[in-house]
Amino acid sequence: MTIAQKKLITMAHGAGGSQMGRLIKDTILANLGGSASLPEVEIALEELDDSAAVGGVVFSTDSYVVKPLFFPGGDIGSLAVAGTVNDISMVGADAAAISCALMLEEGFPIEELERILKSMSETSKLAGVPVVTGDTKVVERGALDGMFINTSGIGFGGESLQKNIDVVKEYREFEENWIKDSNVRDGDTIIVSGTMGDHGVTILSTREGYGFESEVQSDIYPLNKMISSALEEGGIVAMKDPTRGGLANTLNEWSEKSKVGILIREEHIPLTEGVVSACEMLGIDPLAIGNEGKVTIAVVREKAEDVLESLCKTDPGKKAAIIGEARSDIRGVVMETVMGGKRIVDMPAGDPVPRIC
Ligand code: MG
């Protein structure tokens, strides 16, 4: 086989969206899958949810390769803590502890490392989730770009999850023990916890020097406390943090896994002016750009206003909004535009901004 015929990894394979989805299904799951049949596995690798669940323990892992390491609103350290805490929260679990594995390039300034570790510590305190184990590796100059971090986390289903599920059962049959992407049903209300696209636009603008970084900043935030209060209200069936591939990716994943259509209304999607003008200038879709402090929630219709109110009372959820609903009479994800038309919101091929997390 010549080099031209060899299939090679491209940036799109790591960008969330359809290309990455194919790599995961055809190459990764084909080799590492198979845990779904084990009796102790409650959320399996194949479900490609934000976390796994095994014998009552919720487990999630994520590596952080963001470029640059520091940007308005955060850095690789705050991102590495919030990102993993949030993934554990998405299935309804209370995050209990995380790990921190550092991969450092020879020559990396210790002063910058300390700044990043302080930021990790602050975010961990804000979340109330301690770092309890870790690992440190150093590689020779050029073998990686400054530093990468891996964090993994564990959590458990608590009282707020149980209360939430009890409320769901008042309105419909519900057999699940966890909040999953496959639980969305016709009539469920779709909520986002705030403005879309801030993190991705901040990273892109900081990296490329477009100048929007004075108007936008990353939304990095650990959402576990906000989500716990929302679960207390109850009625939530699915949650997902719209990271790589943004809202477009999240809603398409729900539609596919839950086998239901989703209708959203453009005028109700919260966006900051900075993100709107950056996206217009750069010709990118704010719905396909990653967020790091937001959650998309599907909730039974009868509890939507209560959950919205609960989100709006918190700092990271102040701008939460109902953006649409699940519909069995449509296929895929459709948006009613501000102009009054309808357009299909496709699964993005990948996030237009590489290395945002
Ligand atoms: Mg996630």
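This note goes through the salt bridges of a predicted model, then helix 7, and then two pairs of packed helices.

1. Salt bridges in general. Side chains of opposite charge can pair when their charged atoms come close. A search of the whole structure finds 24 salt bridges, and the next points take up a few of them.

2. Lys 240 and Asp 181. The side chains of these two residues meet in a salt bridge, with 2.9 Å from N to O. The pair links distant parts of the chain, since Lys 240 belongs to strand 10 (residues 236–240) while Asp 181 sits in the loop between helix 4 (159–171) and strand 9 (189–192), 59 residues apart. Both Lys 240 and Asp 181 are buried.

3. Lys 257 and Asp 181. Asp 181 also forms a salt bridge with Lys 257, and here the closest N and O atoms are 2.8 Å apart. Because Lys 257 lies in helix 7 (residues 246–258) and Asp 181 in the loop between helix 4 and strand 9, this pair ties together parts that are 76 residues apart in sequence. The two partners are not equally covered: Asp 181 counts as buried because its relative accessibility is 0%, whereas Lys 257, at 24% relative accessibility, counts as partly exposed, as buried would require a value under 20%.

4. A network. Which residues are linked with Asp 181 in a network of salt bridges? They are Asp 50, Lys 240, Glu 253 and Lys 257.

5. A pair at the surface. Asp 315 forms a salt bridge with Lys 318, the closest N and O atoms being 3.4 Å apart. Asp 315 has 54% relative accessibility and therefore counts as exposed, and Lys 318, also at 54%, counts as exposed too, given that the cut-off for exposed is over 50%.

6. The setting of helix 7. Helix 7, where Lys 257 is found, has 13 residues and reaches 18 Å from its first C-alpha to its last, which is close to the 18 Å expected at 1.5 Å a residue. Is this helix largely enclosed or largely open? Of its 13 residues, 11 are buried, so helix 7 is largely enclosed by the rest of the structure. The buried residues include Gly 246, Leu 251, Glu 253, Trp 254 and Ser 258, and Glu 253 is also part of the network described above. The buried residues of helix 7 pack against strand 9, strand 10, strand 11 (261–265), strand 12 (296–299), strand 13 (321–327) and strand 14 (333–336). Just after the helix, Lys 259 takes a positive phi of about 55 degrees.

7. Helix 6 and helix 9. Two packed helices are described by the angle between their axes and the distance between the axes. Helix 6 (residues 224–233) and helix 9 (residues 304–312) pack at an angle of about 155 degrees, with axes 9 Å apart, and this angle makes helix 6 roughly antiparallel to helix 9. The crossing of helix 6 and helix 9 is right-handed. Met 226, Ser 229, Ala 230 and Glu 233 in helix 6 meet Asp 306, Val 307, Ser 310 and Leu 311 in helix 9.

8. Helix 4 and helix 6. The axes of helix 4 and helix 6 come within 7 Å and cross at roughly 35 degrees, and this crossing is left-handed. The contact is made by Ser 160, Leu 161, Lys 163, Asn 164 and Val 167 of helix 4 together with Ser 228, Leu 231, Glu 232 and Glu 233 of helix 6. Glu 233 thus takes part in the contact with helix 4 and also meets helix 9.

Methods
Residues are numbered from 1 along each chain as its sequence is written. This is a predicted model: local features need pLDDT of at least 70, side-chain atom pairs count only at pLDDT 80 or more; totals for chains, interfaces and linings use all residues. Side-chain values use heavy atoms; hydrogens and water are left out. A salt bridge is a side-chain nitrogen of Lys or Arg within 4 Å of a carboxyl oxygen of Asp or Glu. Helices (H or I, at least four residues) and strands (E, at least two) are DSSP runs, numbered from the N terminus. Buried means under 20% relative accessible area, exposed over 50%, partly exposed in between (1.4 Å probe, protein chains only). The expected span of a helix is 1.5 Å times one less than its number of residues. Contact means heavy atoms within 4.5 Å. Axes are lines fitted to C-alpha atoms, for helices over the stretch in contact, and angles run from 0 to 180 degrees between N-to-C directions. Angles under 35 degrees count as roughly parallel, over 145 as roughly antiparallel, 65 to 115 as roughly perpendicular and the rest as oblique. A crossing is left-handed if the near helix is turned anticlockwise from the far one by less than a right angle, and right-handed if clockwise.
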